[in-house]
Amino acid sequence: MNSFIEWLQNTPLAVAVSEVWFPYLESVHVIALAMVFGTIVIVDTRLVGLTSLNLRFTYLSDRLLPWTWGAFIVAAITGTALFTSNAQGYMANTEFIVKMFLLLLAGLNMLYFHKVTLRDVASWDGGRPPQAARVAGYASLAIWVLVLVMGRWIGFTV
């Protein structure tokens with residue numbers, strides 16, 4: 001694994017990111033993450049029953065989740081490029097490892113929500129979501145706040 005990480009960090013792309021492109025990619029990464037977080041907050045606050053109660057949950061999520069996914073893809077691409085610029089440093093960084101674990105948790109929370117909790121959305125779409133949906137929303141909010149905190153912390157520790 002270490003030889004792969006070392007090789008990755010020394011590829012022409014990684015060197016170019018490190019020497020030229022890092023600030024530009026980092027700016028796009030932060031903007032994409034702001035969009036991911038912003039759209040998730042809108043959906044999750046509806047899910048927990050704090051905002052937009054006059055809108056059906058499916059109406060809101062159907063319109064925002066494509067933006068969330070688009071921004072997430074941009075964040076993943078730019079984040080991967082940033083990672084290559086100092087792969088060894090990131091792999092040894094606790095905050096980076098925690099951030100990646102939190103992203104996995106966010107994905108598992110979303111997967112469970114979409115495969116299990118959302119099945120009976122027709123019964124609560126226009127009203128207050130059930131306890132399981134609210135728990136998923138609060139978990140999502142907490143996880144994404146921690147993702148942002150860890151991501152910001154990485155900048156001070158790598």
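Let me start with the largest pocket, where α2, α3, α4 (87-91), α5 (94-115) and α6 each supply at least two residues of the lining. The model I am showing is a predicted one, and everything I say about this pocket should be heard with that in mind. Within the lining, α3 has the largest share, with seven residues. The space in this largest pocket comes to about 730 Å³, and of the 24 residues that line the pocket, those closest to its centre are His29, Gly79, Leu82, Lys99 and Ile154.

Stepping back to the whole chain, we have six helices and zero strands, so to speak an α-α-α-α-α-α run when read from the N terminus. Along the principal axes, the C-alpha atoms fill a box of roughly 55 × 25 × 25 Å. Of the 158 residues, 39% count as buried, and if we take the contacts with a separation of 6 or more, 77% of them are between residues 24 or more positions apart.

Now to the interior. The largest nonpolar core has eleven residues, namely Val43, Leu47, Phe57, Leu60, Leu64, Phe113, Leu118, Val121, Trp124, Ala133 and Ala136. Three helices, α2 (12-47), α3 (57-85) and α6 (131-157), each supply at least two residues of this core, and it is α3 that gives the most, with three residues. Leu60 is a useful member of the core to look at on the screen: leaving aside residues up to four places away in sequence, Leu60 touches Ile42, Val43, Arg46, Ser52 and Leu55. Apart from this core lies another one, of nine residues, among them Ile40, Ala71, Trp144 and Val147.

Finally, I would like to turn to α2, which supplies residues both to the lining of the largest pocket and to the largest nonpolar core. How far apart are the end C-alpha atoms of α2, given its 36 residues? They are only 45 Å apart, whereas a straight helix would reach 52 Å at 1.5 Å a residue. Along its course, α2 bends by about 90 degrees at Trp21, and a proline, Pro23, follows within four residues of that position. Beyond the end of the helix, α2 is followed by Gly49, whose phi is positive, near 90 degrees.

To close, I would leave you with two views of α3, which gives the largest share of the pocket lining and also the most residues to the largest nonpolar core.

Methods
Residues numbered from 1 in each chain as written. Predicted model: local features only at pLDDT ≥ 70, side-chain atom pairs only at ≥ 80, totals over all residues. Heavy atoms only, no water. Core = buried A, V, L, I, M, F, W, Y, C linked by side-chain atoms within 4.5 Å. Buried < 20%, exposed > 50% of the residue type's maximum accessible area, 1.4 Å probe, protein only. Contact = heavy atoms within 4.5 Å. Expected span 1.5 Å × (residues − 1). Bend = angle between axes of the 7 residues up to and from the residue. 1 Å grid on protein atoms, 1.4 Å probe; cavity = no way out; pocket = protein on both sides within 12 Å on 5 of 7 lines; lining within 4 Å. Points joined across faces, edges and corners; volume = space filled by probe spheres on them.
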